[in-house]
Amino acid sequence: MSKPLTPAELFQREFLPMRGKLLEVAAALDRLERKDPLLLDYPGMDQIAKAIEALSQNGQARAETVQKIFSLTYNPDWNTDISGTDG
Amino acid sequence: MYYIDPHVHMVSRVTDDYERMAKAGCVAVSEPAFWAGYDRGSAESFADYFRLLTDFEPKRASTFGIQHFTWICINAKEAENVSLSREVIKLMPEFLECPNVLGVGEIGLNKNTRNEATIFQEQVALAMKTDELILIHTPHLEDKLPGTKMILDMLHGDSRVNPQRVCVDHVEEHTIGPVLDSGFWCGMTLYPITKCTPARAVDMIENFGDDRIMVNSAGDWGPSNPLAVPDFIHEMRMRGHAEHKIRKIVYENPVAFFSQSRNWTFERTESLQSASSE
């Protein structure tokens with residue numbers, strides 16, 4: 001059976017993958033800007049910026065925060081506010 | 001380690017995938033009815049699809065020692081066509097009687113429209129008539145959070161629904177809490193890009209525990225990996241989680257949920273039983 005990782009072992013395991021994924025995001029942003037600087041103003045890029053900002057926050061819910069940045073809003077009155085088109 | 005893939009669309013996979021899954025330890029699959037990548041033109045097309053799920057796929061799986069179970073429904077995407085959906089719903093009771101059918105699924109929402117909600121509720125009502133288990137698809141990407149909450153609203157609004165007999169699938173970090181807090185089972189889908197990676201699935205296990213939770217590959221015609229559950233097992237082991245905890249998630253939990261179905265005829269082999277005592 002595997003042993004639980006120590007904090008140092010966990011850091012070692014996560015560091016290079018995190019570095020690599022951040023580089024991928026950085027390179028993708030460079031790629032967009034290289035093609036056309038206006039792409040950085042396209043719809044959705046504001047969400048990317050907010051998500052990057054969220055990574056610097058402390059706490060245990062960064063992934064949930066990023067998910068919500070890319071989510072539409074729940075309307076509790078949806079049952080009366082949406083209409084059908086068929087049937 | 002033996003495991004069950006509780007959500008995989010084998011109709012979209014080649015026979016070699018069954019062999020690879022069997023070699024990786026898969027002993028059973030559960031295959032929900034889903035959107036095949038194109039809108040079907042008639043209810044007869046669905047009848048043919050249901051025959052494939054209840055007749056052909058069990059035979060193909062058994063060639064490799066995998067027990068095949070399935071679910072019947074009109075999926076959320078094609079539910080936008082209400083008249084066609086109602087024709088399909090009329091076909092469903094016959095197929096719900098087939099020996100490998102576990103219940104109604106995967107029903108749910110796609111773009112969170114009124115028509116989708118109408119057909120979702122009509123299929124929940126059908127499931128309640130004969131006390132079927134329900135497997136639920138939650139929407140993709142930006143629609144997932146509001147769609148999941150709409151689904152929970154509809155289930156809470158039907159007093160006949162027992163949360164213990166419903167699995168809400170494709171949960172992620174922002175939806176798993178409300179689903180588990182409401183008493184439902186949940187499924188995490190392991191996809192290469194969308195939904196959930198094995199590492200994030202293990203994170204959610206560490207944050208939310210291992211009760212009423214399953215992991216699946218949802219292997220289908222898009223980017224997906226039918227061996228994603230073994231990848232999850234590997235990630236659990238790499239983080240030092242105990243074998244019995246891993247086995248609970250990938251084997252015992254699916255057995256516990258599915259065994260509520262009258263058609264869960266899963267046979268534990270002697271080798272499985274001896275493995276469980278190791």
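By helices and strands I mean DSSP runs, where a helix is H or I over at least four residues and a strand is E over at least two, and the numbering of each starts from the N terminus. With that settled, strand β4 of chain B covers residues 101–108, and B:Glu106 is found in it. I begin there since the peptide bond leading from B:Gly105 into B:Glu106 is cis, with omega near -5°. Please keep in mind throughout that what we are looking at is a predicted model, and that every value I quote is computed from it.

Let me step back to chain B as a whole. Its secondary structure comes to 10 helices and eight strands, and its C-alpha atoms fill a box of roughly 50 × 40 × 35 Å when the box is taken along the principal axes. For 278 residues, a compact globule would have a radius of gyration near 19 Å, and chain B, at 17 Å, agrees with that. Of those 278 residues, 49% count as buried. If we take the contacts within chain B between residues at least 6 apart in sequence, 73% of them join residues that are at least 24 apart.

Chain A reads rather differently, so to speak, and I will take it in the same order. It has four helices and zero strands, which, read along the sequence, give the pattern α-α-α-α. Its C-alpha trace spans about 60 × 45 × 25 Å along the principal axes. A compact globule of 87 residues would have a radius of gyration near 12 Å, but the value for chain A is 20 Å. Of the 87 residues in this chain, 1% count as buried.

How do the two chains meet? On the side of chain A there are 22 residues in contact with 25 residues of chain B. The element of chain A that gives the most to this side is helix α3, residues 62–69, with four residues. By character, the chain A residues that touch chain B divide into nine nonpolar, nine polar and four charged.

I would now like to go through two helix pairs inside chain B. The first is helix α2, residues 43–62, with helix α3 of chain B, residues 82–96; they pack at an angle of about 30°, and their axes are 9 Å apart. Since angles under 35 degrees count as roughly parallel, α2(B) is roughly parallel to α3(B). The crossing of these two helices, α2(B) and α3(B), is right-handed. From α2(B) the contact is made by B:Ala43, B:Phe46, B:Ala47, B:Phe50 and B:Thr54, and from α3(B) by B:Leu84, B:Glu87, B:Val88, B:Leu91 and B:Phe95. Sorted by type, the residues of this contact between α2(B) and α3(B) are eight nonpolar, one polar and one charged.

The second pair is helix α7 of chain B, residues 198–208, and helix α8 of chain B, residues 228–238, which pack at an angle of about 55° with their axes 9 Å apart. The two helices, α7(B) and α8(B), are therefore oblique to each other, and α7(B) passes α8(B) in a right-handed crossing. Here B:Pro198, B:Ala199, B:Ala201 and B:Val202 in α7(B) meet B:Ala228, B:Asp231, B:Phe232, B:Glu235 and B:Met236 in α8(B). The residues of the contact of α7(B) with α8(B) divide into seven nonpolar, no polar and two charged.

Now to some individual positions in the loops of chain B. B:Arg212, in the loop between α7 and β8 (213–216) of chain B, has a positive phi of about 55° although it is not a glycine. Is B:Arg212 buried, exposed or partly exposed? There are 19 other C-beta atoms within 10 Å, and a residue needs 20 or more to be buried, so B:Arg212 is partly exposed. B:Ala218, found in the loop between β8 and α8 of chain B, also is not a glycine and has a positive phi, of about 45°. With 28 other C-beta atoms within 10 Å, B:Ala218 is buried.

The last position is B:Gly41, whose place is in the loop between β2 (26–31) and α2 of chain B. It counts as exposed, because there are 9 C-beta neighbours inside 10 Å. B:Gly41 and B:Val229 are 188 residues apart along the chain, and their C-alpha atoms are separated by 34 Å.

Key. Residues numbered from 1 in each chain as written. Chains lettered and ligands numbered in written order. Predicted model: local features only at pLDDT ≥ 70, side-chain atom pairs only at ≥ 80, totals over all residues. Contact = placed C-beta atoms within 7 Å. Nonpolar A, V, L, I, M, F, W, Y, C, P; charged D, E, K, R; others polar. Rg over C-alpha atoms; globule rule 2.2 N^0.38 Å. Buried ≥ 20, exposed ≤ 12 C-beta atoms within 10 Å, placed from the backbone. Axes fitted to C-alpha atoms, helices over the stretch in contact; angles between N-to-C directions. Parallel < 35°, antiparallel > 145°, perpendicular 65-115°, else oblique. Left-handed = near helix turned anticlockwise from the far one by under 90°.
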